[in-house]
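This report describes a single protein chain, moving from the whole fold to two helices and then to two individual residues.

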Amino acid sequence: MKKCLALLRCLVLGLSALVPARAGERVGFVIRTQDSPYYVVLAESVKQLCEEKGWTCSVLDSNNDTEKEAQNVDAFISMGVRLLFLDCCMPDSAVPVINNAAEAGIPVINLDSGIGEGAKDVTTVYSNNKQNGRLVGITYAEHVGKDTPIKAIMLSGGKGEVGGFERRTGLFCGILESRLGISEEEAWKMAYDFENRLAARGRASVDDAKFTVAGQGWGLWSEEGGLVAAEDLITANMDLTCVLGENDQMLFGAMTALQNAGIEGVDIVAAADGAKAAYDLIREGKYFATGENSPYLIAAKGVEIASEIIDEGKDPYSYPRITLTEAVAVTKENVDERYEFGF
């Protein structure tokens, strides 16, 4: 981890951007959960990068509880921290929480999770979920070929979450764009229609693209949740060719469900994540692809923005609403060069 963070300081922050840090500043990070490797690495990376600036960074875990999240933010407001990082539980419930901090003069940088309208935040730093999903979808469709039907099930994280919505619609967009030979703009329109039909009916298909999602399960981003969500869907669709998912952990659970059902030859495709366990499986040809959602890169960009505000005095409210990392579809062809950014 230390080697990777050292590399990030050169690649992301840039040697020319080094400025004297204001040592002794206190910052806080309210993170939605610590129940998966991604969140653990995100918290550790933010804390280490802040400490290298000479700041004291404290991390509070909300345990996926919006009330606990509000209490954690209030605790940091009472402490009088200079700046807050937030990985929120739910986009809309976090809006008043962020605005409370802003009214107290504490800038809030969102990391990883999208936020609802009306939030007085600095920016939201996260991976390009839509384009990660789209690139993975295009790559997978090209791999399968236009004449081979895709019958998939979809494993999603939590209902109403911005990131999950962007990831799965990105997959739909990429698959449809490639299979139908249409423009990206047309593909996004079809992807949103596909999503609406899936939400309303529990199933959606585009006959011309030979693409069907036969069911959707909610795995709450965890391996155990993915296992439970996949079991009934697999039982009802023994002829499926693919499991699509919004992160790696849920797909690990689906792989166990497939093994328990005695089903082989099903492609495993994640819109985004980047667990090294997934990268290892990609190397072995047991997992097709995942989009790069690197906690190291997100942490580095977030701390870079924080440094501009704290050390350089930049206006916290001069940033764009969204700050995205580069979209990358990680496959067997490029997994070795992307491996160090996994978690």
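The text below covers the overall fold, helices α3 and α4, and two buried residues.

## Overall fold

The model is predicted. The secondary structure of the protein consists of twelve helices and 13 strands. For 343 residues, a compact globule is expected to have a radius of gyration near 20 Å, and the protein, with 20 Å, agrees with this. Taken along the principal axes, the box filled by the C-alpha atoms is roughly 60 × 40 × 40 Å.

Of the 343 residues in the protein, 58% are buried. The exposed surface comes to about 14100 Å², and carbon and sulfur atoms supply 49% of that area. Among contacts with a separation of 6 or more, 73% join residues that are 24 or more positions apart.

## Helix α3

Helix α3 covers residues 66-79. Is the distance between its ends in agreement or in disagreement with the span that its 14 residues should have? At 1.5 Å a residue the helix should span 20 Å, and its end C-alpha atoms are 20 Å apart, so the two agree.

At the start of α3, the backbone nitrogen of Glu67 has a side-chain oxygen of Asp65 within 2.8 Å. Just after the helix, Gly80 has a positive phi of about 75 degrees.

Which residues of α3 are buried? They are Glu69, Asn72, Val73 and Phe76. These residues lie on the same side of α3, because the arc they cover around the axis is only 95 degrees. In an α-helix there are 3.6 residues a turn, so residues three or four places apart point the same way. On the other side of α3, Glu67 and Ser78 are exposed. The cover over the buried residues of α3 includes three strands, β1 (26-31), β2 (56-61) and β3 (83-87), together with helix α4 (94-103).

## Helix α4

Helix α4 is mostly covered, with seven of its ten residues buried. Those seven are Ala94, Val95, Val97, Ile98, Asn99, Ala101 and Ala102. The elements they pack against are α3, β3 and β4 (108-111). After α4 comes Gly105, which has a positive phi near 80 degrees.

## Two buried residues

Asn72 belongs to helix α3, while Arg168 is located in helix α6 (residues 162-180). Why does Asn72 count as buried? Its relative accessibility is 4%, and the cut-off for buried is under 20%. Arg168 is buried as well, with a relative accessible area of 6%. The table lists both values.

| Residue | Relative accessible area |
|---|---|
| Asn72 | 4% |
| Arg168 | 6% |

Setting aside residues up to four places away in sequence, Asn72 touches Val30, Leu60, Asp61 and Ser62. What does Arg168 contact when its neighbours within four places in sequence are left aside? Its partners are Met154, Ser156, Glu195, Gln216, Trp218 and Glu246. Along the chain, Arg168 and Ile234 are 66 residues apart, and their C-alpha atoms are separated by 19 Å.

How values were computed:
Residues are numbered from 1 along each chain as its sequence is written. This is a predicted model: local features need pLDDT of at least 70, side-chain atom pairs count only at pLDDT 80 or more; totals for chains, interfaces and linings use all residues. Side-chain values use heavy atoms; hydrogens and water are left out. Helices (H or I, at least four residues) and strands (E, at least two) are DSSP runs, numbered from the N terminus. The expected span of a helix is 1.5 Å times one less than its number of residues. Buried means under 20% relative accessible area, exposed over 50%, partly exposed in between (1.4 Å probe, protein chains only). The arc is that of the directions from the helix axis to the C-beta atoms. Contact means heavy atoms within 4.5 Å. A polar contact is a pair of N or O atoms within 3.5 Å; within protein, one must be able to donate a hydrogen and the other to accept it, and residues adjacent in sequence count only if both atoms are side-chain atoms. The radius of gyration is taken over C-alpha atoms; the globule rule is 2.2 Å times the number of residues to the power 0.38. Accessible areas come from the Shrake-Rupley method with a 1.4 Å probe; for residues, only the protein chains shown count as cover.
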